[in-house]
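Biologist: Could you take a close look at the sheet in this one for me? I'd like to hear how the strands are laid out and what sits around the central part.

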Amino acid sequence: MIRIPNSSIEFMISVQGIRLTNRLYSSFTELIDQLIDICKSNNTDTDSKIKAIKLLGGIDEIKDRLITIQKFYLNNSNEIEKINDLVNEIFNNNSEKANKTIYKELVSMKYNDINIQQINVFYLQNKQHISLLSQLLLKQATDIANNQINTSKIKIYTMVCFLIIFFLFSILPIIMMIFKLSDAFSLIQKAILQLSNNDLNINLKENQRRFSFELDAIISSLIKLKNIQIEKHLLENKNQQLIHQLKLKSTTDYLTSISNRRAFLETIKHSSPEYFNHSSLAIIDIDNFKQINDKFGHASGDEVLIKFSQLLSLFFRKNDLFCRYGGEEFAILLHDCDHILAKNILEKLCTKVRYLSVALPSGEKIYFTISIGIAEMNNKFDINQTIIHADKALYHSKATGKDRVTVYTHEMAVY
Ligand SMILES: Nc1nc2c(ncn2[C@@H]2O[C@H](COP(=O)(O)OP(=O)(O)OP(=O)(O)O)[C@@H](O)[C@H]2O)c(=O)[nH]1
């Protein structure tokens, strides 16, 4: 069974009431017309009489239906008193009597005494009441319709609110999830970029709650990659240190910590010959070193070598090269220094060495001297040849009494 809402019933009844009052009004008008026709034809127009009788019956029927509507409003409407008054006005005793009189007259086919004027006035009075009743019912219908519209609006707004709330509760978590995912992806992208640029300062933490196993796996892989990179960097650093140490060992004399022969010769070979123009190469040999070893022991001999190396480091300029050439021999390259100046400088070194001593635990002191041979270089020099020349000059120093400096001359070539 279809359940019709109360407001819809009220609306339908009001509309029905309007229709009934309209019909009532037209029935009254029609009835007057018919009565006038009957009078004009001196009561011989049977058709008009029948029509008038039908109209009277119709008016009675409309009356009953209006009274039913009136009863409905007895329970439901605030306007009930007005509707009551109007219905009673229209269908009061007088009008019922008039109707019955007209009816009887018409049925008996007499209808001679009718006063058209009187009927006209009587129905004109009712015309106003009918119009008022119609307006009242129209107002009633309009109010109900407005109420229905308002109720519908409230329902629509409630539905829209419900939809918005539903949207927020169902879509918002999805939007938040999308934002979090995009956040995670941008973190991953940033981390990948950083790692590819060798920047290990990535902002990713393991066990951080994410959305999927896949993302977690990517993040932990990136963290592993970062750790591998860190280990790789540490190993590379260690390697670099080892390479540096090896390089240092291969170019440094293990005992005296000054450059060795290899480093000395490599530096000269890798420099432009012009750089050594008017420079001098000297070979220094500690005198009677075998005796020092024999007298004071090999360790004391080592101390002498170390002490002498320290003196060389203090004595020479930054751009002079020196090395332990082998055993108790040292080589020095005095940059931008001709043989005269070189002799001068190296004689000062000889003087310094004479005053240099190594103190032994026994309280004894080891004094020693050095012999030096010098060969000047020009821009066409051959390092091996220059060394041979310096060696010959050294030999000359040794042969002529040691503790002295000799500059190579061509006469020495025969040695
Ligand atoms: N303590 C020590 N002795 C060394 C080292 N290298 C070489 N010697 C010694 O140095 C000595 C060199 O002796 P020689 O070549 O006879 O020369 P010298 O005794 O200095 O004699 P002159 O050159 O004529 O003055 C040898 O006994 C080598 O064993 C070293 O690193 N430490």
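Modeller: Keep in mind that this is a predicted model. The sheet is an open one built from five strands, ordered β2-β3-β1-β6-β7, with mixed pairing. At its edges you'll find β2 (321-326) and β7 (405-407); each has a single partner strand, so one side of each is left without a neighbour in the sheet. Ignoring direction, neighbouring strands are turned by 20° against each other on average.

Now for β1, residues 279-286. On one side, β1 pairs with β3 (residues 329-334) in the antiparallel sense, over six bridges. One of the pairs to click on is A282 with I332, its bridge partner in β3. On the other side, β1 runs antiparallel to β6 (residues 370-377), and eight bridges join the two. There, S280 has E376 of β6 as its bridge partner.

What about the side chains? In a regular strand they alternate between the two faces of the sheet. You can follow that along β1: S279, L281, I283 and D285 point one way, while S280, A282, I284 and I286 point the other way. Both sets are buried, which fits the tally of eight buried residues out of eight for this strand.

Part of the surroundings comes from helix α7 (residues 261-269), which packs on the sheet and touches β1, β2 and β3. The direction of α7 makes about 135° with that of β2.

How values were computed:
Residues numbered from 1 in each chain as written. Predicted model: local features only at pLDDT ≥ 70, side-chain atom pairs only at ≥ 80, totals over all residues. Heavy atoms only, no water. Pairing = 2+ DSSP bridges. Helix = DSSP H or I, 4+ residues; strand = E, 2+ residues; numbered from the N terminus. Axes fitted to C-alpha atoms, helices over the stretch in contact; angles between N-to-C directions. Contact = heavy atoms within 4.5 Å. Buried < 20%, exposed > 50% of the residue type's maximum accessible area, 1.4 Å probe, protein only.
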